[in-house]
Amino acid sequence: MIQSENVTIETAHKLGLLDEEFEKIKEYLGGRTPNFTELSIYSVMWSEHASYKNSIKWIKKLPKEGKQMLVAPGEENAGMVDVGDGRACVFKIESHNHPCAVEPFQGAATGVGGINRDIFTMGARPIAQLNSLRFGSLKSNHSKRLFKGTVEGISHYGNSFGVPVLGGEVFFDECFENNPLVNAMSVGIMKKEDLISAVAKGKGNPVYIVGSSTGKDGIHGATFASADVTENSADDIPSIQVGDPFQEKLLLEASLELGRSGAIVGMQDMGAAGIICSTSEMSEKGGSGMKINLDKVPLRQQNIEAWEILLSESQERMLVVAKQGKEDVVEKIFEKWDLNCAKIGEVIDEDMLYFYWKGELVAKVPASTLVLGGGAPQYDREYTEPEYYKHTHDFKISDVKEPSLQECKKIAQEMTKNPNLASKRWVIEQYDSMVGTRNMTTNAPADAGIANIKGCSNGIAMTCDCNSRYVYSDPFIGTEIAVAEAARNIVCAGGEPLAVTNCCNFGNPYKPETYWQFVNAVKGMGEACKKFATPVTGGNVSFYNQASINGVVEAVMPSPVIGMIGTVDKKYQTSLDFKRKGATIFLLGEIKDDINSSEYLYNYCGVKLSPVPYFDMDKEYALQQVVKELIRKGFIESAHDVSDGGLFMNLVESAMHRDFGFNIISDSEVRLDSFLFGESQSRIVVTIDEDKYNDFVALMKKENVSCLAIGKVTDGDIIVDDEDFGSIKQYKHVYNNVLNEIMDK
């Protein structure tokens with residue numbers, strides 16, 4: 001019999017539940033009022049972070065069909081696609097934003113640990129990590145502290161765990177001052193037939209908790225992630241988990257061995273909401289339930305109550321459903337790896353979860369009422385076009401005086417110092433990019449990271465992309481651009497885009513203007529993914545990314561980060577660096593008189609609101625198909641897409657790897673700042689094999705894609721319209737060291 005407690009609507013409010021949700025819970029429980037443990041269960045499982053209650057109806061509209069898809073979105077812990085040679089790629093991206101706003105080191109470290117567990121709990125070995133990071137201005141000591149702690153946390157956990165970082169992005173803007181965005185992506189590889197499903201079924205099958213012991217860290221972490229950051233958020237430190245990468249390495253090896261043993265029915269990572277999340281999701285998927293004895297859970301502290309054990313987000317733990325009669329197999333594997341392996345319950349043929357503490361029933365809830373797509377609430381939210389959006393097109397390029405060639409030289413030097421454009425070496429050098437010996441881009445920089453699949457003809461190309469400023473200017477087109485740029489990066493590296501995971505970072509969904517941004521971003525993502533045949537395998541929605549400091553609420557720029565993977569035939573792998581002096585530099589794609597939303601306009605000219613840069617989806621798609629063909633026919637020596645910072649920064653990045661320079665002539669039909677620093681989309685810079693020049697030109701004419709020879713590769717000098725802009729070594733020194741100098745101050 002469930003013990004009654006003095007639970008009221010006020011209790012529900014304190015746990016983040018709405019009036020109608022409290023009434024729905026009572027209905028699900030047969031009309032009775034939940035006790036505090038049961039109410040806490042619904043609080044975390046129906047939080048935005050766990051239930052997607054304000055986003056699921058829109059997320060379901062994203063394209064998810066494709067012959068490459070091996071599991072449906074939401075069916076397992078991560079997306080899974082066919083990459084050929086009998087292999088599957090398992091990948092996912094998730095946020096750990098609020099934890100990093102409060103305790104950046106552990107917040108970032110446990111974000112890395114959690115996303116890797118999502119991969120290996122399915123039977124895949126993680127082979128690469130990426131991350132998408134956004135912080136406030138580095139002029140702020142607070143932002144520098146968060147940035148430093150986050151990078152240290154990522155490097156500590158990832159390096160110790162032994163998975164290389166092969167890509168990512170870092171972006172700085174004042175709007176992220178108090179609410180940084182820290183999105184972690186993991187990519188794994190496995191044989192298709194080795195999939196471990198997150199399912200519980202089979203009456204009487206034993207249920208184990210394996211891995212680390214359980215403590216009080218992370219309790220109500222999902223609820224914490226579904227609220228604003230405030231000046232008092234540091235009081236929520238108990239909601240931040242503590243990670244141990246060495247335990248996770250042991251858990252990885254034990255889990256993969258367990259998957260090969262044939263002794264289990266299913267397994268799931270204990271991420272947000274801990275035991276209650278794994279028990280409910282696995283049960284609902286298998287059409288079953290469980291009886292769980294919480295006093296059997298291995299603890300690392302004794303003063304912990306039953307509801308705290310249920311909700312703890314202690315790291316490095318899995319829930320395993322074993323086959324009856326195979327208990328010895330399971331237990332011996334974890335004994336070998338010196339990890340906890342405790343039988344805590346069994347599967348039942350009933351849609352109910354029973355939780356006991358020392359023989360007393362402390363909670364009884366239907367599993368199906370807790371989960372995403374089941375009984376958890378799903379809302380239609382009001383959305384309204386923001387007032388600022390009406391003024392986006394007030395800006396005209398004529399509002400900015402066209403700079404002279406001499407001033408453009410100064411602008412070029414300042415752009416190279418911009419932390420958004422300069423080398424992220426300060427970050428990258430803290431990460432191990434070589435562990436596992438799979439990195440194929442260490443000595444040949446490319447627009448996408450590439451991981452080798454040993455024994456196969458293909459590698460895996462990967463990238464994560466989003467320009468938050470573009471999405472703020474126009475959520476629909478800005479998100480289309482994010483998908484297009486991710487695909488463009490993979491194509492420039494010699495790959496074929498395959499599928500997408502996403503991490504949608506937005507403000508408060510109850511604010512109609514914020515929800516408008518979200519809805520239009522999802523619509524744009526859907527259109528672009530259809531165009532590029534890159535179905536969405538899953539991902540993460542992170543709302544409430546706004547800070548309420550001294551009564552002033554500021555939301556971050558909307559940031560729907562696109563994580564994309566593709567396959568690369570190893571013989572077509574293409575790098576971005578110029579290969580030889582004298583090579584002709586070609587710009588593929590249209591040149592537009594456009595400086596909209598560029599780093600140049602925003603940070604150099606100080607214009608904070610302007611339209612999104614020029615973008616045409618059909619022309620983008622055509623360009624990418626042509627570049628794929630050029631690479632496969634062996635015409636191209638280097639390829640690098642024009643993105644943040646415009647053409648000038650593209651050329652600097654291609655030149656500096658081998659200390660080459662470039663001599664270019666601007667297009668007289670557009671302004672000089674548009675030509676050098678504009679960020680109009682659908683452009684790629686290539687150098688070609690001169691022996692195939694005629695074939696190259698013929699193909700470009702046939703495909704009707706704009707192509708202009710803009711100059712030559714030099715032995716180190718940078719010349720624009722016959723004006724000496726300095727040497728590549730000068731730019732390279734600034735580019736490589738500016739972030740180090742800022743962070744060392």
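**Notebook: two helices, an open sheet and α24**

I began with a helix pair: α18 and helix α21 (residues 617-632) pack at an angle of about 10°, and their axes lie 10 Å apart. A reminder to myself that this is a predicted model.

How do α18 and α21 run relative to each other, roughly parallel or roughly antiparallel? Angles under 35 degrees count as roughly parallel, so I noted α18 and α21 down as roughly parallel to each other.

Next I looked up which residues make this contact. From α18 I listed E480, A484, A487, R488, V491 and C492. Facing them in α21 I found M617, E620, Q624, V627, K628 and I631. Sorted by class, the contact of α18 with α21 holds seven nonpolar residues, one polar residue and four charged ones.

**The sheet**

I then turned to the strands. Five of them form an open sheet in the order β14-β15-β20-β16-β17, and the pairing is mixed. Which strands sit at the edges? I found β14 (449-452) and β17 (536-542) there, each pairing on one side only. From one strand to the next, the twist averages 20°.

I followed the β14 edge a little further. β14 and β15 (residues 458-465) run antiparallel and are joined by four bridges. For G449, I wrote down M462 in β15 as the bridge partner.

**Helices across the sheet**

Back to α18, which spans residues 475-492. I see this helix lying across β15, β16 (496-505) and β20 (559-569), and α18 runs at about 25° to β20. So my α18 page now has two entries: the sheet strands β15, β16 and β20, and the packing with α21.

Helix α19 (residues 512-531) also lies across β16 and β20, together with the edge strand β17. Its angle to β16 is about 175°.

**Helix α24**

My last stop was α24 (residues 693-703), where I checked which residues are buried: F696, L699 and M700. Why do I place them on the same side of α24? They cover an arc of only 100° around the axis, which puts them together on that side. On the other side of α24, I found N694, K701 and K702 exposed.

What covers the buried residues of α24? My list includes β21 (584-588), β24 (684-688) and β25 (707-714), and α21 turns up here too. That brings me back to the helix I started with, as α21 also packs with α18.

One small thing for the margin: just after α24, N704 takes a positive phi of about 60°.

Key: Residues numbered from 1 in each chain as written. Predicted model: local features only at pLDDT ≥ 70, side-chain atom pairs only at ≥ 80, totals over all residues. Heavy atoms only, no water. Pairing = 2+ DSSP bridges. Axes fitted to C-alpha atoms, helices over the stretch in contact; angles between N-to-C directions. Contact = heavy atoms within 4.5 Å. Parallel < 35°, antiparallel > 145°, perpendicular 65-115°, else oblique. Nonpolar A, V, L, I, M, F, W, Y, C, P; charged D, E, K, R; others polar. Buried < 20%, exposed > 50% of the residue type's maximum accessible area, 1.4 Å probe, protein only. Arc of directions from axis to C-beta.
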